[in-house]
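Subject: Handover of a structure and its findings

Dear colleague,

Please find below the structure that I am handing over to you. I would be grateful if you kept it open while reading the notes that come after it.

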Amino acid sequence: MTDADIVNALAGAIRNRDSFPAMPSDLTLEEGYAIQKQVVAEVADGSIAGWKAGMTAPAGQAAFGLKHPLIGSLYAWGRLDNGATVDMVPGVKLECEIGITIDTNGNALSAGPVIEVPRMMWNSPDDAKGANLTATNIAAYHYIVGEQQPIRDDYAELSVTLTRDGELVCEASLADALGGPIPALEWMLNEASVRDMSPSDGMLLITGACGGIHDGEPGSYVADYGPLGTIEFTIQ
């Protein structure tokens, strides 16, 4: 497959919520980022709402053959509000995160809870590699945005619990991803500069999973971020 073939196949899979196409066995990370840029241009319809940090946990990096996190883009069409219902489609996952809004200079304006709903559906388990994940735009799909609030200096002292139908799914510190949202923001801005990604006013940056990635199973969910508020949503 040529790069153009991969871009077209990935864009179609994202739009149609199908499995990702079979991926090359020897794709490099730089090639993955080049494909990602083209996939985002095809799928976003010209509207980028922000960026996402992915593979922020060492265990996830090791599983995908990486030694560092990844950066991708958020589709404007992927944004959902608190109380949303998400369709149960193959490959849907859940991550508890903090989202930060920035200005055109990358300064943090506000922050708040976000539940990312990526969709990762490989054609083959052998395709689950860092460069391939990069090419998919780090499986970007939906994200549910909670209330934005003034920036705090005590995120390391706060935590989130996620429950499904009253049963605990995960509990984690808000410093779980890259040491917390503020250090994560610094990493994302630096990496974005390397990748020729420019900030714009009002962009939302989601800073990595707190408590890992979880299968999106049908049910009613509550993500309790303590003083930062809650996000409630349903998968059906």
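The notes below cover strands, aromatic pairs, salt bridges and two backbone angles.

This is a predicted model, in which local features need pLDDT of at least 70, side-chain atom pairs count only at pLDDT 80 or more, and totals for chains, interfaces and linings use all residues. Residues are numbered from 1 along each chain as its sequence is written, and side-chain values use heavy atoms, with hydrogens and water left out.

Strands

Helices (H or I, at least four residues) and strands (E, at least two) are DSSP runs, numbered from the N terminus. Two strands pair if DSSP finds at least two bridges between them. An open sheet of 5 strands follows the order β4-β13-β12-β8-β9, and its pairing is mixed. At its edges are β4 (85-86) and β9 (167-173), each of which pairs on one side only. Strand β4 runs parallel to β13 (residues 230-235), and 2 bridges connect them. Within β13, Thr-234 is the residue that stands opposite Thr-85.

Strand β1 (residues 48-54) also deserves your attention. Of its 7 residues, 5 are buried, so β1 is largely enclosed by the rest of the structure. Here, buried means under 20% relative accessible area, exposed means over 50%, and partly exposed lies in between (1.4 Å probe, protein chains only). Strand β1 pairs with β2 (residues 70-75) in the antiparallel sense over 6 bridges, and with β10 in the parallel sense over 3 bridges. Trp-51 takes part in both pairings: its bridge partner in β2 is Ser-73, and in β10 it stands opposite Leu-205.

Aromatic pairs

How many aromatic pairs does a search of the whole structure find? The search finds 4. Rings of Phe, Tyr and Trp (its six-membered ring) pair if their centres lie within 6.5 Å; planes under 30 degrees apart count as stacked, over 60 as edge-to-face and the rest as tilted. One of the pairs is Phe-20 with Trp-122, which is edge-to-face, with 5.3 Å from centre to centre and 70 degrees between the planes. This pair links distant parts of the chain, 102 residues apart: Phe-20 lies in the loop between α1 (3-16) and α2 (29-43), and Trp-122 in the loop between β6 (108-117) and α4 (130-135). Both Phe-20 and Trp-122 are buried.

Tyr-75 and Trp-77 form a stacked pair, with centres 4.9 Å apart and 10 degrees between the planes. Tyr-75 is buried because its relative accessibility is 0%, whereas Trp-77, at 35%, is partly exposed. Together with Tyr-141, these two residues make up one aromatic cluster.

Salt bridges

Side chains of opposite charge can pair when their charged atoms come close. A salt bridge is a side-chain nitrogen of Lys or Arg within 4 Å of a carboxyl oxygen of Asp or Glu. The whole structure contains 8 salt bridges. Among them is the one between Arg-17 and Asp-87, whose closest N and O atoms are 3.5 Å apart. The two residues are 70 residues apart in the chain, with Arg-17 in the loop between α1 and α2 and Asp-87 in the loop between β4 and β5 (93-102). Arg-17 is partly exposed at 34% relative accessibility, and Asp-87 is partly exposed at 41%.

Arg-195 forms a salt bridge with Glu-30, at 3.0 Å from N to O. This contact also joins distant parts of the chain, 165 residues apart: Arg-195 is in the loop between α5 (181-194) and β10 (204-206), and Glu-30 is in helix α2. Arg-195 forms a salt bridge with Glu-191 as well, where the closest N and O atoms are 3.1 Å apart. Glu-30, Glu-191 and Arg-195 are thus linked in a network of salt bridges. Arg-195 is buried, with a relative accessible area of 18%, and Glu-191 is buried, with 14%.

Backbone angles

Most residues other than glycine have a negative phi. Ile-138, which is not a glycine, has a positive phi of about 50 degrees. Ala-139 also has a positive phi, near 60 degrees. Ile-138 is in the loop between α4 and β7 (142-145), and Ala-139 is in the loop between α4 and β7. Ile-138 counts as buried because its relative accessibility is 5%, and Ala-139 is buried with a relative accessible area of 1%.

Yours sincerely
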